[in-house]
Amino acid sequence: MTQPFHVRAARTPDVPRIVELVEPLVARRILLGKERVDLYGALQEFRVAESADGVVVGCGALHVMWEDLGEVRTLAVHDDWLGHGVGHALLATLEDDARGLGLSRLFCLTFEVDFFSRHGFEDMGGETVDPEVYAELVRSHDEGVAEFLDLARVKQNTLGNTRMLKTL
């Protein structure tokens with residue numbers, strides 16, 4: 001039987017646990033590392049999955065990139081909770097958040113192609129955006145925007161990852 005959990009907005013006391021969830025995936029080069037200060041700064045973007053006994057067992061974030069485009073970031077589930085629907089519930093919540101913000105597309109950069117494919121994401125291949133939007137986005141200092149645009153300056157961090165997109 002699957003243990004119960006629920007998804008909620010992240011709070012500041014959750015950041016150390018988010019770090020614990022993400023660090024092994026960073027060490028395995030599955031996720032890009034984030035400084036703790038950046039996690040606190042982006043806390044409003046995060047949702048966490050919390051077990052019935054109050055332990056954060058998963059996390060994920062939604063970052064707005066453009067008027068219609070958001071990025072799913074830092075989606076991580078504790079190994080003991082893999083296969084229990086935690087990742088699915090987090091992603092579904094982030095998609096609901098995206099719709100609530102008026103977004104119609106979601107981007108992710110991932111090694112977990114099968115997971116995201118099962119949830120309607122498709123490999124972007126060489127797809128990009130209109131030249132006018134590109135000209136605006138390329139001004140951003142955000143690494144996620146650079147990943148979306150497939151800019152050379154992030155290539156060393158993204159080798160082997162797949163750029164995926166979903167229309168909501």
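Colleague: What share of the chain's 168 residues counts as buried?
Modeller: This is a predicted model, so local features need pLDDT of at least 70 and side-chain atom pairs count only at pLDDT 80 or more, while totals for chains, interfaces and linings use all residues. Residues are numbered from 1 along each chain as its sequence is written, and side-chain values use heavy atoms, with hydrogens and water left out. Buried means under 20% relative accessible area, exposed means over 50%, and partly exposed is in between (1.4 Å probe, protein chains only). By that rule, the buried share of the 168 residues is 46%.

Colleague: In what order do the strands of the open sheet sit?
Modeller: Helices (H or I, at least four residues) and strands (E, at least two) are DSSP runs, numbered from the N terminus. The chain has seven of each, and two strands pair if DSSP finds at least two bridges between them. The open sheet has seven strands with mixed pairing, in the order 1-2-3-4-5-7-6.

Colleague: Which strands are the edge strands?
Modeller: Look for strands that pair on one side only. That picks out strand 1 (5-9) and strand 6 (122-123).

Colleague: Which residue in strand 7 is the bridge partner of Asp-123?
Modeller: Strand 6 and strand 7 (residues 162-167) pair in the antiparallel sense over two bridges. In strand 7, the partner of Asp-123 is Met-164.

Colleague: What angle does helix 3 make with strand 3?
Modeller: Axes are lines fitted to C-alpha atoms, for helices over the stretch in contact (heavy atoms within 4.5 Å). Angles run from 0 to 180 degrees between N-to-C directions. Helix 3 (residues 86-100) lies across several strands, including strand 1 and strand 7. It runs relative to strand 3 at about 30°.

Colleague: Why is the pair of Phe-5 and Trp-81 given the name it has?
Modeller: Rings of Phe, Tyr and Trp (its six-membered ring) pair if their centres lie within 6.5 Å; planes under 30 degrees apart count as stacked, over 60 as edge-to-face and the rest as tilted. Here the centres are 6.1 Å apart and the planes are at 85°, so the pair is edge-to-face.

Colleague: Is Phe-5 buried or partly exposed?
Modeller: Its ring partner Trp-81, 76 residues away in the loop between strand 4 and helix 3, is buried at 9% relative accessibility. Phe-5 has 24%, so it counts as partly exposed.

Colleague: Which residues do ring pairs link into a cluster?
Modeller: Phe-116 and Phe-121 have ring centres 5.1 Å apart and planes at 80°, so they are edge-to-face. Phe-116 is buried at 5%, and Phe-121 is buried at 2%. The cluster consists of Phe-115, Phe-116 and Phe-121.
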